[in-house]
Amino acid sequence: GLAGIELPADINELADNNIEIPLTELSAGDVVIYSEADSKLYHAAIYDGNGQVIHASNMREGVKISDLNYREISMAIRILP
């Protein structure tokens, strides 16, 4: 990657190979992973440190900012300890 960090493209690998943190310890740059109703992981976003996340919404809307709790959160992970 551009910052010298390689991340898996698969969301399950991303979740399995990083440090899970409590939502109360979120800080800017942490990754928030959202799940569907069946608990399947489906979307990741980057926490902005101010109650919102930056994420690629869809092809039409592109990258946007949403409230942290705009969907059901499954977990949060920290890429860099």
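Among contacts between residues at least 6 apart in the sequence of the protein chain, 46% join residues that are at least 24 apart. The model in which these contacts were counted is a predicted one. Its secondary structure amounts to one helix and six strands, and read from the N terminus the elements follow the order α-β-β-β-β-β-β. The radius of gyration is 12 Å, close to the 12 Å that the globule rule gives for 81 residues, so the chain is as compact as a globular protein of that length. Along the principal axes, the C-alpha trace spans about 30 × 25 × 25 Å. Of the 81 residues in the chain, 31% are buried.

Turning to the interior, the largest nonpolar core is made up of 10 residues: Ile21, Leu26, Val32, Tyr34, Ala45, Tyr47, Val53, Leu68, Ile73 and Ala76. Strands β2 (31-35), β3 (41-47) and β6 (73-78) each supply at least two residues of this core. Apart from it lies another core, of nine residues, including Leu14, Ala15, Leu41 and Ile77.

Val53 is a helpful place to look at the largest core in detail. Leaving aside residues up to four places away in sequence, Val53 touches several fellow members of that core, among them Val32, Tyr34, Ala45, Tyr47 and Leu68. The contacts of Val53 also include Ile46, Lys64, Ile65, Ser66, Asp67 and Tyr70.

A serine offers a second view of the interior. Ser35 lies in strand β2, and its relative accessibility is 10%; because buried means under 20%, Ser35 counts as buried. With residues up to four places away in sequence again left out, Ser35 is in contact with Lys40, Leu41, Tyr42, Glu72 and Ser74. One of these partners, Leu41, is also listed in the nine-residue core.

The surface was examined for pockets as well. The largest pocket has a volume of about 180 Å³, and its lining consists of Leu7, Pro8, Ala9, Ile11, Leu14, Val31, Ala44, Ala45, Ile46 and Ile79. Two or more lining residues come from each of α1 (11-16) and β3, with β3 giving the largest share, three residues. In chemical character, the lining divides into 10 nonpolar residues, no polar ones and no charged ones.

Some residues link the pocket with the cores described above. Ala45 belongs to the largest nonpolar core and also lines the largest pocket. Leu14 is likewise a lining residue, and it is among the members of the nine-residue core.

Technical notes:
Residues numbered from 1 in each chain as written. Predicted model: local features only at pLDDT ≥ 70, side-chain atom pairs only at ≥ 80, totals over all residues. Heavy atoms only, no water. Core = buried A, V, L, I, M, F, W, Y, C linked by side-chain atoms within 4.5 Å. Buried < 20%, exposed > 50% of the residue type's maximum accessible area, 1.4 Å probe, protein only. Helix = DSSP H or I, 4+ residues; strand = E, 2+ residues; numbered from the N terminus. Contact = heavy atoms within 4.5 Å. 1 Å grid on protein atoms, 1.4 Å probe; cavity = no way out; pocket = protein on both sides within 12 Å on 5 of 7 lines; lining within 4 Å. Points joined across faces, edges and corners; volume = space filled by probe spheres on them. Nonpolar A, V, L, I, M, F, W, Y, C, P; charged D, E, K, R; others polar. Rg over C-alpha atoms; globule rule 2.2 N^0.38 Å.
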